[in-house]
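Here is a friendly walk through a structure, set out as questions and answers. Have a look at it first, and then we can begin.

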There are 2 protein chains.
Amino acid sequence: MDPEEATHHPSAGFETRLKNLRDHVMEMGGLAEQHVELSVRAFLDGDLKVAEKISHADFKVNALEVQLDDECCEFLALRHPVAMDLRMVVAVIKTTTDLERVGDEAEKIARLALTMDHSRARKRHLRAIKHISAHVRKMLHDALDSYARLDIELALQVIKQDTEVDQEYEAGIRQMITFMMEDPRDIRLVLDAFWCAKALERIGDHAANICENVLYQVLGKDLRHISIEQVEKELEMAAPQAQSAP
Amino acid sequence: MDPEEATHHPSAGFETRLKNLRDHVMEMGGLAEQHVELSVRAFLDGDLKVAEKISHADFKVNALEVQLDDECCEFLALRHPVAMDLRMVVAVIKTTTDLERVGDEAEKIARLALTMDHSRARKRHLRAIKHISAHVRKMLHDALDSYARLDIELALQVIKQDTEVDQEYEAGIRQMITFMMEDPRDIRLVLDAFWCAKALERIGDHAANICENVLYQVLGKDLRHISIEQVEKELEMAAPQAQSAP
């Protein structure tokens, strides 16, 4: 792919508008990231004030999704992007869907924080959540970074981490089942930790989806639904183009 | 909106290609629907053969998503759709994402069917799953029907049903917690039912998303993230256009 193909457009302002679209995705991503951070903190620390705030703040992320979809439609209808520009717009549509669902999961965690019995929670109950949440937040941060810089190396790292998070999640769930069996009075509490872990694992999935969209934008190939090994092979083959990507 | 605006295009074959796109979404939807049906049956009846088959069949749904995204990009780049046609293409991109995730959830249910201890399962453990799965399968079927016929009345019904399914899900979870507390030896079994219920609840969410895309296509308004009452008000106001939609 010609790395300069994205810049050859007769209409003035094309690049600016495309940049605006991508900036708005970053804005939405920053907000979703913040909601995840705050909801996890509320869950771990039992901070009901923060939990209450985040459980009602999801409309902001949702509004950005609606706005971005409108902007994409306007851009497609008036500017007729092709090649990498077109893939960028399609990637915006896909990425906003993922970010909106990240916001949904943060809201779920905040609601769990509101209803869980913090007085029964012990360190051991929350250890897995602490571990998974640190990992997932790093993934989401890196996913947005790779989106901003169209960094395919970083995107690939995030996709790899998704498998690690899945394994941590499975291990966490196994551990929590043991806690339930040891003391059935903890069942409700442990279930709240379950749902929180599940929401975090989903956020990891969405971060990986965002990175797949980055690969698709830059390489022009759909790398979803194939193994990491295949992705790496594709990347090796496409190395010259990838290095010259913006 | 002029109901005929979609048919006024200079390029021959425009309508045929747009119809093909929508037909392929229906094909993908039919496959996802079939996977849900079979995975639920495998879970409820302990049919390991069917479970094994569906746990490895998701690549077909995934392949259709990749193919459809490619077709959308080609259509956007070469045909420059506007107005309702453009919204239809954006709706295809969004809808395939939802259908792909319906396929993912069916795969999860099939995997649960493979590992759960069917010998411990009693009727009471599976009652909620039976109930929710019947409801969710109806929702998915109606969602695809409303997509095929651009039937906004039906789309609205499905969106309403999503709230009912959420309530059934919550009730099911509460009941299952009681089973766990009654006999902690059933914890693992009940957790499998939990994950299955969660997967079904998600399929309901995706069916509702598909219906929101239908409303967006026909009415040209983004009706996601607002209450049912607001949606109904919007529909009442848009009634004349809606009746003349294809």
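Q: How many residues of chain B are in contact with chain A?
A: Keep in mind that this is a predicted model. Contact here is judged from C-beta atoms lying within 7 Å. Counted that way, chain A contributes 25 residues, and the number from chain B is 25.

Q: Which helix of chain B gives the most to the side that touches chain A?
A: The elements of chain B that give two or more residues to this side are helix 3 (58–79), helix 4 (83–115), helix 6 (152–182) and helix 7 (187–219). By class, the side holds 15 nonpolar, 4 polar and 6 charged residues. With 7 residues, the one that gives the most is helix 3 of chain B.

Q: Through which surface do the copies meet?
A: The interface residues of chain B can be looked up in chain A as well. There, 100% of them are interface residues too, so the copies meet through the same surface.

Q: What kind of axis relates chain B to chain A?
A: Two copies of a chain are related by a rotation about an axis and a shift along it. In this model, a turn of 180° with a shift of 0.0 Å along the axis lays chain B on chain A, at an RMSD of 0.0 Å. That is the relation of a two-fold axis.

Q: How many helices and how many strands does chain A have?
A: Reading from the N terminus, the elements of chain A run α-α-α-α-α-α-α-α-α. The C-alpha trace of chain A spans about 70 × 40 × 20 Å along its principal axes. The secondary structure comes to 9 helices and 0 strands.

Q: What percentage of the contacts in chain A, at a separation of 6 or more, is between residues 24 or more positions apart?
A: Chain A has 246 residues, and 46% of them count as buried. For the contacts with a separation of 6 or more, residues 24 or more positions apart account for 81%.

Q: How is helix 3 of chain A oriented to helix 4 of chain B?
A: Across the interface, Asp69(A), Cys73(A), Leu76(A) and Ala77(A) meet Leu86(B), Arg87(B) and Val90(B). This contact has 5 nonpolar, no polar and 2 charged residues. The axes come within 11 Å and cross at roughly 125°. That makes helix 3 of chain A, relative to helix 4 of chain B, oblique.

Q: Is helix 5 of chain B roughly parallel or roughly antiparallel to helix 7 of chain B?
A: The residues that meet include Ile129(B), Ile132(B) and Val136(B) from helix 5, and Ala197(B), Leu200(B) and Gly204(B) from helix 7. By class, the contact has 20 nonpolar, 4 polar and no charged residues. The axes come within 9 Å and cross at roughly 15°. Angles under 35 degrees count as roughly parallel, so helix 5 of chain B is, to helix 7 of chain B, roughly parallel.

Q: Is the crossing of helix 5 and helix 7 of chain B left-handed or right-handed?
A: Helix 3 of chain A passes helix 4 of chain B in a right-handed crossing. For helix 5 of chain B passing helix 7 of chain B, the crossing is left-handed.

Q: Which residue between helix 3 and helix 4 of chain A has a positive phi near 40°?
A: The residue lies in the loop between these helices. With 17 C-beta neighbours inside 10 Å, this residue counts as partly exposed. Its phi is positive although it is a residue other than glycine, and its name is His80(A).

Methods. Residues numbered from 1 in each chain as written. Chains lettered and ligands numbered in written order. Predicted model: local features only at pLDDT ≥ 70, side-chain atom pairs only at ≥ 80, totals over all residues. Least-squares fit on C-alpha atoms with pLDDT ≥ 70 in both. Contact = placed C-beta atoms within 7 Å. Helix = DSSP H or I, 4+ residues; strand = E, 2+ residues; numbered from the N terminus. Buried ≥ 20, exposed ≤ 12 C-beta atoms within 10 Å, placed from the backbone. Nonpolar A, V, L, I, M, F, W, Y, C, P; charged D, E, K, R; others polar. Axes fitted to C-alpha atoms, helices over the stretch in contact; angles between N-to-C directions. Parallel < 35°, antiparallel > 145°, perpendicular 65-115°, else oblique. Left-handed = near helix turned anticlockwise from the far one by under 90°.
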